[in-house]
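Got your viewer open and a cursor ready? Let's take a short walk, one selection at a time.

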Amino acid sequence: MNTLSLINKVKYNKRFYKLYNKYGSKMINFMKLFLKADENLIVFASYGGRKYDDSPKAIYEALIADPRFDNCKLVWAFMHPDDYKLPRGKKVKIDTIAYYKLLLKARVWVTNSSMLRGLGFEGINTFELNTWHGSAIKKMGKDTAKSNRSFHKKGKRSKNYVMLAQGQYDVDLFSRAFNRPVDCFRVIGLPRNDELANVSKEAQIKAKEILGIPPSKKVILYAPTFREYDRDNGNNCVMKPPIDMDKWKQRLGKDFVFLLRAHYEVVKTMNIEEDDFVKNVSNYPNLNELMIASDMLISDYSSIFFDYSIQGKPMLSFAYDYDRYQQERGMYFDIREELKCKTLDNEDALLDEIINMNEAERTIISKNFRDKYIQEYGMAAHKSLGLIAEEMKIGQ
């Protein structure tokens, strides 16, 4: 059994998870008795150690450029540490004894999901800054149905904890879904989205150039989310959108380039054949670069809609399985209504909309969506450093 299959077995099997949580938590809390806090240690992790990106990376890059934090010890936690090079600091392999020792000793955790790995413990004197990884369309945490495969897991919550939000919508939703007091939220935006606030035409052309796309071509970014209820024998998520790439290339290939950004849960099970029209950018390290390079977004129920709307560019919801997704996972609102896409439930209708799009109208729809759900963006990394510095009493 490979590592991913083992993780999935623990994550989605209640019996295995209960044993793991009970005995793993006891071991970590026993270890805590023999350690001392390190007041200068900051530990970072993104998506449970899968990546070096997102808001933790944006905070880290701002932090290493800020002389207030010159004396801090910085550590990134990864599943595969050898895959990454850091400009400053050390690396640790996640799910090891060394990883848990660092967490217990650290003064600050910076994460976009959870550091706890499904266990119940707190650091000795730890401040947790949780950026989360986007606003929500699909139901989260306690709001998900009991039948949902990603069942509610136990986990001891940090006493000294802050979670970032893009607007009041996030605060109201996440405080309920994650059982967090409203006063632990800070509406400052997501650090990863700062560079999306004022994107110039020159920046878009440069991003296309980096991707090897001619500036004359329009770029479609297709970034669907995963369906956790569709799995193979190895308990891996699988996904096959009803899209005929030959048809898309025939109708759009002259003027467009199609970027496919599959969710990390399904990327290994999707077989993508690339050519001059289709580019598989699922493992591309910089999502913001893809959003900046693109001229429009197509997704379904993903939080990427919130981030992308900051740019004010056209967005389309291709919700071909809306009724099933609503039944299996559940959503907080109908994204098709918000983006005026209720008729785009098959690829022919979607293709017609792309070809005949009124870009001015679509831009207004995107901006209205942004103004409804996002109140703060553009300075989140700077404000996050302020929160960390205040907690660590740096520069006072």
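Which residue in strand 9 is the bridge partner of valine 219? Select valine 257 and you have the partner. Keep in mind as you click around that this is a predicted model.

**Stop 1: strand 9.** Now select residues 256–260, which make up strand 9. Five of its five residues are buried, so color them by accessibility and you'll find the strand mostly covered. In a regular strand the side chains alternate between the two faces of the sheet. Here, Phe256, Phe258 and Leu260 sit on one side, with Val257 and Leu259 on the other. Both faces are covered.

**Stop 2: the neighbors.** Add strand 8, residues 218–222, to your selection. Strand 8 runs parallel to strand 9, and the two pair over five bridges. Then add strand 10, residues 278–280. Strand 10 also pairs with strand 9 in the parallel sense, over three bridges.

**Stop 3: valine 278.** Stay in strand 10 and pick out valine 278. Opposite valine 278 stands phenylalanine 258. Is valine 278 buried or exposed? Valine 278 is buried, because its relative accessible area is 4%, and the cut-off for buried is under 20%. Show what touches valine 278, skipping residues up to four places away in sequence, and you get Met245, Phe258, Ile272 and Glu273. For a distance to try, draw a line from the C-alpha of valine 278 to that of isoleucine 220: they are 9.8 Å apart in space and 58 residues apart in sequence.

**Stop 4: helix 6.** Jump to residues 201–210, helix 6. Select Gln204, Ala207 and Lys208, the buried residues of helix 6. Look down the axis of helix 6: the buried residues fall within an arc of 100 degrees, so they line one face of the helix. An α-helix has 3.6 residues a turn, so residues three or four places apart point the same way. What do the buried residues of helix 6 pack against? They pack against strand 8, which you already have selected, and helix 8 (287–293). Flip to the other side of helix 6 to see Glu202, Lys206 and Glu209, which are exposed. Just after helix 6, click on glycine 212, where phi is positive at about 75 degrees.

**Stop 5: out to the surface.** Finally, head for the loop between helix 2 (14–32) and strand 1 (38–45) and select leucine 33. Leucine 33 counts as exposed because its relative accessibility is 64%. Add Phe30 and Phe34: with Leu33 they form a nonpolar patch on the surface, with about 400 Å² of accessible area together.

Conventions: Residues are numbered from 1 along each chain as its sequence is written. This is a predicted model: local features need pLDDT of at least 70, side-chain atom pairs count only at pLDDT 80 or more; totals for chains, interfaces and linings use all residues. Side-chain values use heavy atoms; hydrogens and water are left out. Patches are made of residues with over 30% relative accessible area and no salt bridge: like charges are joined within 9 Å, nonpolar side chains (Val, Leu, Ile, Met, Phe, Trp, Tyr) within 5 Å. Accessible areas come from the Shrake-Rupley method with a 1.4 Å probe; for residues, only the protein chains shown count as cover. A salt bridge is a side-chain nitrogen of Lys or Arg within 4 Å of a carboxyl oxygen of Asp or Glu. Helices (H or I, at least four residues) and strands (E, at least two) are DSSP runs, numbered from the N terminus. Buried means under 20% relative accessible area, exposed over 50%, partly exposed in between (1.4 Å probe, protein chains only). Two strands pair if DSSP finds at least two bridges between them. The arc is that of the directions from the helix axis to the C-beta atoms. Contact means heavy atoms within 4.5 Å.
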